[in-house]
Amino acid sequence: VSFAVYRLSPTIYQATSEFTMDMRRSSSMGGQGAIAEAMPDYGSSYVEIFNTRLSDWRSEKIVTKILQHYRAVRPTSVVSDEEIIGVLSESELELVRNSRIITISLRSKIPALCADLANAYAESIEAFTEEENKIRCDKAVSQIHGNVERKRREVDKLQKQLLDFRPANKVGALK
């Protein structure tokens, strides 16, 4: 009976893709100031970071990126978007214990689809993270520029007060 079940049931293939999650803290100003305000604190644990990012990595935006990447790599593929989304919906993302490695596992009846989607998933996460980091850095730079302008105005105001103080109190005449 088990041989018959084995022969009649469809073959399911599994593909995995791995990537390393690296997080760097801002070193300027001891992690304080405008950069620290723009960079959220994810905590010191990679498990915490992984759990925080997981919802972003399963979002519709990532699925769209995966579809675009897959269609760019395999333009002649006859697999429908619904089938791809079905495979992606059952994907598993897992943080390898005591490491920074994240494993993406996908299962499908088509081995090439499975492998291509696993690779597209990892590359889409990388592209998404780069975009997110760029936005975060742009925000930090704009905050720094705002702080510089504010400090410049304060310095100009203090210089003007000093210049007004000298003639009003005849500091030049005392010399």
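A residue is called buried when its relative accessible area is under 20%, exposed when it is over 50%, and partly exposed in between (1.4 Å probe, protein chains only). Helices (H or I, at least four residues) and strands (E, at least two) are DSSP runs, numbered from the N terminus. The structure is a predicted model, in which local features need pLDDT of at least 70 and side-chain atom pairs count only at pLDDT 80 or more, while totals for chains, interfaces and linings use all residues. Residues are numbered from 1 along each chain as its sequence is written, and side-chain values use heavy atoms, with hydrogens and water left out.

In strand 2, Leu93 and Leu95 form a covered face, whereas Glu92 and Glu94 form an uncovered one. This strand belongs to a protein with seven helices and three strands. Read from the N terminus, the order of elements is α-β-α-α-α-α-β-β-α-α. Of the 175 residues in the protein, 27% are buried. Contact here means heavy atoms within 4.5 Å. Among contacts between residues at least 6 apart in sequence, 70% join residues at least 24 apart.

The strands may be taken next. Two strands are said to pair if DSSP finds at least two bridges between them. Strand 3 pairs with strand 1 (residues 13–20) in the antiparallel sense over eight bridges, and one position in this pairing sets Thr20 opposite Ile101. Strand 2 (residues 92–95) also runs antiparallel to strand 3, joined to it by four bridges. Along that second pairing, Glu92 has Ser105 as its bridge partner, and Leu93 stands opposite Ile104. Strand 3 (residues 101–108) is largely enclosed by the rest of the structure, because six of its eight residues are buried.

Strand 2 and strand 3 form a hairpin with five residues between the strands. Asn98 is found in this loop, and its phi is near 55°, a positive value in a residue other than glycine. Most residues other than glycine have a negative phi. Asn98 counts as exposed, because its relative accessibility is 78%.

Helix 4 (residues 60–73) offers a simple check on geometry. The expected span of a helix is 1.5 Å times one less than its number of residues. For the 14 residues of helix 4 this gives 20 Å, and the end C-alpha atoms are 20 Å apart, which agrees. The buried residues of helix 4 are Ile62, Lys65, Ile66, Leu67 and Tyr70, and the buried residues of this helix pack against helix 3 (46–57), helix 5 (81–89) and helix 6. Lys65, with its charged type of side chain set aside, is counted as buried because its relative accessibility is 16%. Leaving aside neighbours within four places in sequence, Lys65 is in contact with Ser124, Phe128 and Glu131.

The interior of the protein can be described through its nonpolar core, defined as a set of buried Ala, Val, Leu, Ile, Met, Phe, Trp, Tyr and Cys residues joined through side-chain atoms within 4.5 Å. The largest such core has 28 residues, and those with the most contacts inside it are Trp57, Ile84, Leu117, Tyr121 and Ile125. Strand 1, helix 3, helix 4, helix 5, strand 2, strand 3 and helix 6 each give two or more residues to this core. Helix 6 gives the most, with nine residues. Ile125 is in contact with Phe19, Trp57, Ile62, Leu93 and Ile104, neighbours within four places in sequence being left aside.

Helix 6 (residues 111–168) also holds Asp116. Asp116 is buried, because its relative accessible area is 16%. A polar contact is a pair of N or O atoms within 3.5 Å; within protein, one must be able to donate a hydrogen and the other to accept it, and residues adjacent in sequence count only if both atoms are side-chain atoms. The side chain of Asp116 makes such a contact with the side chain of Arg74, at 2.4 Å. Beyond its neighbours within four places in sequence, Asp116 is in contact with Tyr70 and Arg74.

The cysteines remain. Cys114 is buried, with a relative accessible area of 1%, whereas Cys137 is partly exposed, at 40%. With a disulfide taken as a pair of cysteine sulfur atoms within 2.5 Å, the count comes to zero.
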